[in-house]
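Here is a short set of exercises to work through with the model open beside you. Try each task yourself before reading the solution under it.

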Amino acid sequence: MADQKGTNVPTSEVKETNGQVSGELTFEDKVIQKIIGIALEKVDGLLQVDGGFFSNMAERISNSDNVTNGIETEVGKEQVAVDLDVVVEYRKDAQKIYEQIKKVAAEQVKKMTHLDVVEVNVHIEDIKTKEEIEQDKKSDEKQSDNSDESDN
């Protein structure tokens with residue numbers, strides 16, 4: 001079979017074409033916060049980021065303000081710094097959870113934005129047992145049901 005080359009434009013022409021297009025890609029802090037908020041759902045032992053249970057993730061995603069609660073970011077042109085306030089599950093390894101948070105946040109931000117996460121600070125506000133989690137979920141569901149009924 002003959003060595004066939006596609007109809008690719010020579011590299012020098014591509015560079016000239018690319019040189020004619022200018023501009024800048026920037027991200028609002030809330031975009032980076034949302035990426036991180038959604039990515040954190042995968043972290044085992046992480047129950048909440050500033051009050052938002054991951055069991056209610058579908059609700060939180062549809063309400064973009066909630067998914068960013070407890071996540072503060074500083075977004076530069078090439079780098080991101082992140083501060084999180086979280087609640088972790090009782091008897092889980094806090095250091096391991098912290099390492100997972102850093103890994104997931106850095107991977108997803110890099111994948112979607114090409115920005116480097118250079119700092120992740122996590123403040124653990126509380127720990128909860130499985131029983132407390134279930135009680136909180138039931139309480140949240142009752143409040144949600146009552147809210148729905150009063151809206152009608």
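Strand β3 covers residues 71-75 and pairs with β4 in the antiparallel sense over five bridges. Keep in mind throughout that this is a predicted model.

**Exercise 1. Place β4 among its neighbouring strands**

Task: Starting from the pairing of β3 with β4, work out which other strands pair with β4 and in which sense.

Solution:
- Step 1. Look at the link between β3 and β4: three residues lie between them, and the two strands form a hairpin. Within this pairing, Ile71 has Leu84 in β4 as its bridge partner.
- Step 2. Turn to β1, which runs antiparallel to β4 and is joined to it by three bridges. Here Leu46 has Val88 of β4 as its bridge partner.
- Step 3. Now take β5, which pairs with β4 in the parallel sense over eleven bridges. Val88 turns up again, with Ile127 as its bridge partner in β5.
- Step 4. Put the pieces together: β4 is antiparallel to β3, antiparallel to β1 and parallel to β5.

**Exercise 2. Explain the burial of β4**

Task: Decide whether β4 is largely enclosed or open, and find what surrounds Leu84.

Solution:
- Step 1. Count buried residues, using the cut-off of under 20% relative accessible area. Eight of the eleven residues of β4 fall in this class, so the strand is largely enclosed by the rest of the structure. For the chain as a whole, buried residues make up 28% of the 152 residues.
- Step 2. List the contacts of Leu84, leaving out residues up to four places away in sequence: Ile36, Leu40, Val49, Gly70, Ile71, Ile101, Val120, Asn121, Val122 and His123.
- Step 3. Compare that list with the largest nonpolar core, which has 22 residues. Leu84 is among the residues with the most contacts inside this core, and so are Ile36, Leu40 and Ile101.
- Step 4. Ask which elements give two or more residues to the core: they are α2 (29-39), β1 (46-49), β4 (79-89), α5 (94-113) and β5 (116-128).

**Exercise 3. Find a nonpolar patch on the surface**

Task: Which residues make the nonpolar surface patch of about 260 Å²?

Solution:
- Step 1. The patch is made by Tyr90, Ile124 and Ile127.
- Step 2. Ile124 belongs to strand β5. Its relative accessible area is 35%, so Ile124 is partly exposed.
- Step 3. Ile127 has a second role, as the β5 bridge partner of Val88.

**Exercise 4. Contrast three salt bridges**

Task: Six salt bridges are counted in the model. Take the pairs Lys77 with Glu24, Lys102 with Glu99, and Lys110 with Asp116, and describe where each sits.

Solution:
- Step 1. The side chains of Lys77 and Glu24 meet at 2.9 Å, N to O. This pair links distant parts of the chain, 53 residues apart: Lys77 is in the loop between β3 and β4, and Glu24 is in the loop between α1 (11-20) and α2. Lys77 is exposed at 68% relative accessible area, and Glu24 is exposed at 59%.
- Step 2. For Lys102 and Glu99, the closest N and O atoms are 3.5 Å apart. The two residues are three places apart in helix α5, so about one helical turn separates them. Lys102 is partly exposed at 27%, as is Glu99 at 36%.
- Step 3. Lys110 and Asp116 form a salt bridge at 2.8 Å, N to O. Lys110 is partly exposed at 37%, and Asp116 is partly exposed at 34%.

**Exercise 5. Examine a loop residue**

Task: Is Leu115 buried or exposed, and which residues does Leu115 contact?

Solution:
- Step 1. Locate Leu115 in the loop between α5 and β5.
- Step 2. Check its accessibility: at 4% relative accessibility, Leu115 counts as buried, because the cut-off is under 20%.
- Step 3. Look at its contacts beyond four places in sequence, which include Phe27, Ile32, Val75, Lys77, Val80, Val109 and Lys110.
- Step 4. Compare sequence with space: Leu115 and Phe27 are 88 residues apart along the chain, while their C-alpha atoms are separated by 9.8 Å. Across the chain, 72% of the contacts with a separation of 6 or more are between residues 24 or more positions apart.

Technical notes:
Residues are numbered from 1 along each chain as its sequence is written. This is a predicted model: local features need pLDDT of at least 70, side-chain atom pairs count only at pLDDT 80 or more; totals for chains, interfaces and linings use all residues. Side-chain values use heavy atoms; hydrogens and water are left out. A nonpolar core is a set of buried Ala, Val, Leu, Ile, Met, Phe, Trp, Tyr and Cys residues joined through side-chain atoms within 4.5 Å. Buried means under 20% relative accessible area, exposed over 50%, partly exposed in between (1.4 Å probe, protein chains only). Helices (H or I, at least four residues) and strands (E, at least two) are DSSP runs, numbered from the N terminus. Contact means heavy atoms within 4.5 Å. Patches are made of residues with over 30% relative accessible area and no salt bridge: like charges are joined within 9 Å, nonpolar side chains (Val, Leu, Ile, Met, Phe, Trp, Tyr) within 5 Å. Accessible areas come from the Shrake-Rupley method with a 1.4 Å probe; for residues, only the protein chains shown count as cover. A salt bridge is a side-chain nitrogen of Lys or Arg within 4 Å of a carboxyl oxygen of Asp or Glu. Two strands pair if DSSP finds at least two bridges between them.
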